[in-house]
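The following exercises concern a predicted model. Each task is followed by a solution that proceeds step by step.

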Amino acid sequence: MNRRAYCIKAFILFCVLLFSACEAYASTLQAKIEDTLGEKMKISIDMNISLTMPEKSKNEASTKEIVRTIRSYAENGDPQAQSFIGVCYLLGFVVEQDLSEAMNWINKAADNGYDKAQLTLGMFYYLGKEDLGEIVDFKHDYAKALKWLTKSAAQDNISAQCALGNMYWQGKGVKKNYKEAFKWWSKAAEQNHPSAQCALGTMYYLGKGVKRSPVKALELYRKAEKQNDPEAQCRLGTMYYLGKNVRRNKDKALDFWLRAAEHKHPKAEFCIGALYYLGDTVEQSSSQAAEWYKKAVEDGYKEAQEELDKLSD
């Protein structure tokens with residue numbers, strides 16, 4: 001996956017996180033909204049706000065009433081309601097799209113301690129307009145990203161914990177610190193987050209930030225793989241192919257790589273291409289090799305281009 005595609009995917013995820021917050025908020029507001037708007041709102045609330053939002057044309061008047069009601073709570077300082085209204089402005093839902101107003105409401109929610117709004121701000125500052133384009137009007141600001149992600153992570157927001165782990169692991173915006181990366185990924189892994197489990201597995205495998213333990217690494221990779229984490233699937237494929245800390249089994253390796261490839265994991269696609277090129281575990285096929293190498297290149301693994309060029313010669 002190229003960087004632009006990743007950023008778009010990340011932004012969509014943040015919106016989903018906020019809409020998930022709205023869904024939870026809908027249940028806490030149900031009684032209040034029914035008291036305010038009457039029995040006619042029950043159907044909309046039962047379906048939950050986040051799911052009815054894209055279907056506003058079916059019941060547009062009721063949807064507008066819901067948003068107006070939630071806005072009244074936002075104006076009275078409710079942080080979840082403020083976050084909801086921020087998303088409405090961000091996406092131009094019911095109200096006219098206004099990115100400045102969106103940031104205003106999301107900032108209010110974050111200042112009032114709402115972890116999902118803090119996460120969103122942190123990631124906006126982390127990515128900046130360099131990656132998000134017109135979604136925001138400011139450049140990367142890693143200091144602000146660190147501030148908001150840390151506040152969110154301290155409230156056990158699992159996505160913020162993962163993001164902090166990545167920042168400290170890569171040393172992006174902060175001084176590289178494997179122990180801090182281990183700390184935050186451990187917190188996310190304790191909440192059963194597959195990407196954090198996989199990341200911890202890599203730390204144990206490499207012995208960075210923690211005493212090296214291939215056994216512990218394998219255990220964590222397997223936990224993540226059971227939740228369909230493509231990175232864990234790819235790493236398990238490599239371990240089984242090479243016989244590293246497991247009994248060598250190329251059929252299992254191929255199976256793991258194929259599972260990862262279903263999620264467009266570029267390195268897994270490259271490895272499958274190599275198997276077809278060599279006729280290893282599968283019947284030799286230059287055309288199949290080229291097809292997999294091409295997928296790997298398209299999904300961001302540029303090293304595959306050299307192998308693809310060899311097949312074209």
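**Exercise 1. Alanine 153**

Determine in which helix alanine 153 lies, whether the residue is buried or exposed, and which residues it touches beyond its sequence neighbours.

Solution.
Step 1. Alanine 153 belongs to helix α8, which covers residues 142-153.
Step 2. The relative accessibility of alanine 153 is 1%. The cut-off for a buried residue is under 20%, so alanine 153 counts as buried.
Step 3. With residues up to four places away in sequence left out, alanine 153 touches Ala160, Gln161, Leu164 and Trp184.
Step 4. Alanine 153 can also be placed relative to aspartate 115: the two are 38 residues apart in sequence, and their C-alpha atoms are 7.7 Å apart in space.

**Exercise 2. Phenylalanine 182**

Locate phenylalanine 182 in the secondary structure, classify its accessibility and list its contacts outside the local sequence.

Solution.
Step 1. Phenylalanine 182 lies in helix α10, a helix formed by residues 178-190.
Step 2. Its relative accessible area is 18%, and phenylalanine 182 is therefore buried.
Step 3. Neighbours within four places in sequence are set aside; phenylalanine 182 is then in contact with Leu200, Met203, Tyr204, Gly209 and Val210.
Step 4. A C-alpha distance completes the picture: phenylalanine 182 and alanine 199 are 17 residues apart along the chain and separated by 8.6 Å.

**Exercise 3. Leucine 278 and serine 285**

Compare the placement of leucine 278 with that of serine 285, and state for each whether it is buried or exposed.

Solution.
Step 1. Leucine 278 lies in helix α15, whereas serine 285 is found in the loop between α15 (266-278) and α16 (286-298).
Step 2. Leucine 278 has a relative accessibility of 57% and counts as exposed.
Step 3. Serine 285 has a relative accessibility of 16% and counts as buried.
Step 4. Serine 285 touches Tyr276 and Tyr277, residues up to four places away in sequence not being counted.
Step 5. Leucine 278 and alanine 289 are eleven residues apart in sequence, with 8.8 Å between their C-alpha atoms.

**Exercise 4. Positive phi angles**

What is the phi angle of asparagine 192, and what is that of asparagine 245? State also the loop and the accessibility class of each residue.

Solution.
Step 1. Asparagine 192 is not a glycine, yet it has a positive phi of about 70°. For asparagine 245, likewise not a glycine, phi is positive at about 65°.
Step 2. Asparagine 192 is placed in the loop between α10 and α11, and asparagine 245 in the loop between α13 and α14 (250-261).
Step 3. Partly exposed residues fall between the cut-offs of under 20% and over 50%. Asparagine 192, at 44% relative accessibility, counts as partly exposed. Asparagine 245, at 46%, also counts as partly exposed.

**Exercise 5. Cysteines**

How many disulfides does the structure hold, and how far is cysteine 198 from the nearest cysteine sulfur?

Solution.
Step 1. A disulfide is a covalent bond between the sulfur atoms of two cysteines.
Step 2. The structure holds zero disulfides. Cysteine 198 is accordingly in no disulfide; the nearest cysteine sulfur, that of cysteine 234, is 9.1 Å away. The cut-off for a disulfide is within 2.5 Å.
Step 3. Cysteine 198 is buried, with a relative accessible area of 3%. Cysteine 88 is buried as well, at 1%.

**Exercise 6. The second largest pocket**

Describe the volume of the second largest pocket, the residues closest to its centre and the class composition of its lining.

Solution.
Step 1. The volume of the second largest pocket is about 240 Å³.
Step 2. This pocket is lined by 13 residues, of which Tyr205, Tyr221, Arg235, Thr238 and Lys267 are the closest to its centre.
Step 3. Two elements give two or more residues to the lining, namely α11 (194-206) and α13 (230-242). The most comes from α13, with six residues.
Step 4. By class, the lining comprises six nonpolar, three polar and four charged residues.

**Exercise 7. The chain as a whole**

Summarise the secondary structure, burial, contacts and accessible surface of the protein chain.

Solution.
Step 1. The protein chain has 17 helices and zero strands.
Step 2. Of its 313 residues, 47% are buried.
Step 3. Among contacts with a separation of 6 or more, 47% are between residues 24 or more positions apart.
Step 4. The accessible surface comes to about 15,800 Å², and 49% of this belongs to carbon and sulfur atoms.

Conventions: Residues are numbered from 1 along each chain as its sequence is written. This is a predicted model: local features need pLDDT of at least 70, side-chain atom pairs count only at pLDDT 80 or more; totals for chains, interfaces and linings use all residues. Side-chain values use heavy atoms; hydrogens and water are left out. Buried means under 20% relative accessible area, exposed over 50%, partly exposed in between (1.4 Å probe, protein chains only). Helices (H or I, at least four residues) and strands (E, at least two) are DSSP runs, numbered from the N terminus. Contact means heavy atoms within 4.5 Å. Accessible areas come from the Shrake-Rupley method with a 1.4 Å probe; for residues, only the protein chains shown count as cover. On a 1 Å grid over the protein atoms alone, a cavity is a set of points where a 1.4 Å probe fits but cannot get out, and a pocket is an open set with protein on both sides within 12 Å along at least five of seven lines; lining residues have an atom within 4 Å of a point. Grid points are joined across faces, edges and corners, and a volume is the space filled by probe spheres set on the points. Ala, Val, Leu, Ile, Met, Phe, Trp, Tyr, Cys and Pro count as nonpolar, Asp, Glu, Lys and Arg as charged, and the others, Gly among them, as polar.
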